[in-house]
Amino acid sequence: MSPSLRTEQLTIRFGGHAAVHGVTCAFRPGELTAIVGPNGAGKTTWFNLVSGQLTPTEGRIYLAGRDITGLSPSARALAGVGRAFQLTNLFPRLSVLENVRLAVQARRRAGGRLLSRAAADRDTVAEAMRYVERTRLAPVVDLPAAALPHGDQRKLEVALLLAMEPQVFMFDEPTAGMSVDEAPVILELIAEIREDRSKTILLVEHKMDVVRALADRIVVLHNGELVADGRPDAVMALPVVREIYLGVGAEEAA
Ligand SMILES: Nc1ncnc2c1ncn2[C@@H]1O[C@H](COP(=O)(O)OP(=O)(O)OP(=O)(O)O)[C@@H](O)[C@H]1O
Ligand SMILES: [Mg+2]
């Protein structure tokens, strides 16, 4: 299957330091890839390049074969790059349902769908309600977003992301800062997105138990460079990866 997302020789330098350096990789629909690597490896910077928060010094980004390197973050979002927990379109005083409905509407407007006003309203509410139910927010559907407990706000952010129907879902440490009660639901929601085998999911994650449970593939970044890419067991067994993670193997490698 042709890749949904591809980065080619993606590089960004801050001063003399290359935070991401020559990263070339492609991701297919139906694949959940964990992006791992030590602190400062360049994972979030690579995400920022893909979602458009940063502009590369060199290299290109392609979405379904289309060069999106020059697009703004919002244009990329509408094109299908869905980055979680970066949403600026959450309205604190509007209800859960209204927030999701507005996201559905925004996507439809961008898609230029034509319906009569009344039919469109019924339709967007019904669709919004499906995302509300899918993210387990039905019990709080009428509450203002600002009144939700933290865990429910994160679920609402996932609902808004789903409502945009992106081709690529990007999660950067999705359970960071969450309690042990809240984290499993978010991981469950990510696992459910994966069941729809047409989507590409990228997950930056430090917790290796989460990576093992969810990932079809692991990409390892280290000092801004892609140093390993493949099936989880194979990647985790590589000497270079063991060295990065455990500090072992340096002697054998020398
Ligand atoms: N705007 C910036 N200006 C200068 N340096 C930056 C900037 N953004 C990131 N960096 C540097 O780029 C490198 C990669 O940082 P990045 O945040 O991408 O790492 P990370 O892999 O996400 O780490 P963590 O696991 O801690 O989140 C670091 O050395 C960081 O200091
Ligand atoms: Mg990071």
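This briefing covers the ligand site and the main sheet of the structure above. The model is predicted. Ligand 1 is surrounded by 13 residues. A mixed, open sheet of 6 strands is also described, with a helix lying across part of it.

**Ligand 1: surroundings**

- Of the 13 residues around ligand 1, the closest are N39, G40, K43, T45 and H206.
- By class, this shell holds 7 polar, 4 nonpolar and 2 charged residues.
- Two elements, β2 (17–27) and α1 (43–51), each supply at least two shell residues.
- Helix α1 gives the most, with 3 residues.

**Ligand 1: polar contacts and cover**

- The side chain of N39 places an N or O atom 2.8 Å from an oxygen atom of ligand 1.
- T44 has a polar side-chain atom 2.9 Å from a ligand oxygen.
- A41 uses its backbone: an N or O atom there lies 3.1 Å from an oxygen atom of ligand 1.
- On its own, ligand 1 has 640 Å² of accessible area, and the protein covers 60% of that.

**The sheet**

- The strand order is β6-β7-β8-β3-β9-β10, with mixed pairing.
- β6 (81–83) and β10 (225–230) are the edge strands, each pairing on one side only.
- Neighbouring strands are turned by 20° against each other on average, direction ignored.
- β3 (residues 32–36) pairs with β8 (residues 200–204) in the parallel sense, over 4 bridges.
- I35 has V204 in β8 as its bridge partner.

**The helix across the sheet**

- Helix α6 (residues 183–195) lies across β3, β7 (168–172) and β8.
- Relative to β8, α6 runs at about 150°.

Note on methods. Residues are numbered from 1 along each chain as its sequence is written. Chains are lettered from A and ligands numbered from 1 in the order in which they are written. This is a predicted model: local features need pLDDT of at least 70, side-chain atom pairs count only at pLDDT 80 or more; totals for chains, interfaces and linings use all residues. Side-chain values use heavy atoms; hydrogens and water are left out. A residue is near a molecule or strand if one of its heavy atoms lies within 4 Å of it. A polar contact is a pair of N or O atoms within 3.5 Å; within protein, one must be able to donate a hydrogen and the other to accept it, and residues adjacent in sequence count only if both atoms are side-chain atoms. Accessible areas come from the Shrake-Rupley method with a 1.4 Å probe; for residues, only the protein chains shown count as cover. Ala, Val, Leu, Ile, Met, Phe, Trp, Tyr, Cys and Pro count as nonpolar, Asp, Glu, Lys and Arg as charged, and the others, Gly among them, as polar. Two strands pair if DSSP finds at least two bridges between them. Axes are lines fitted to C-alpha atoms, for helices over the stretch in contact, and angles run from 0 to 180 degrees between N-to-C directions. Contact means heavy atoms within 4.5 Å.
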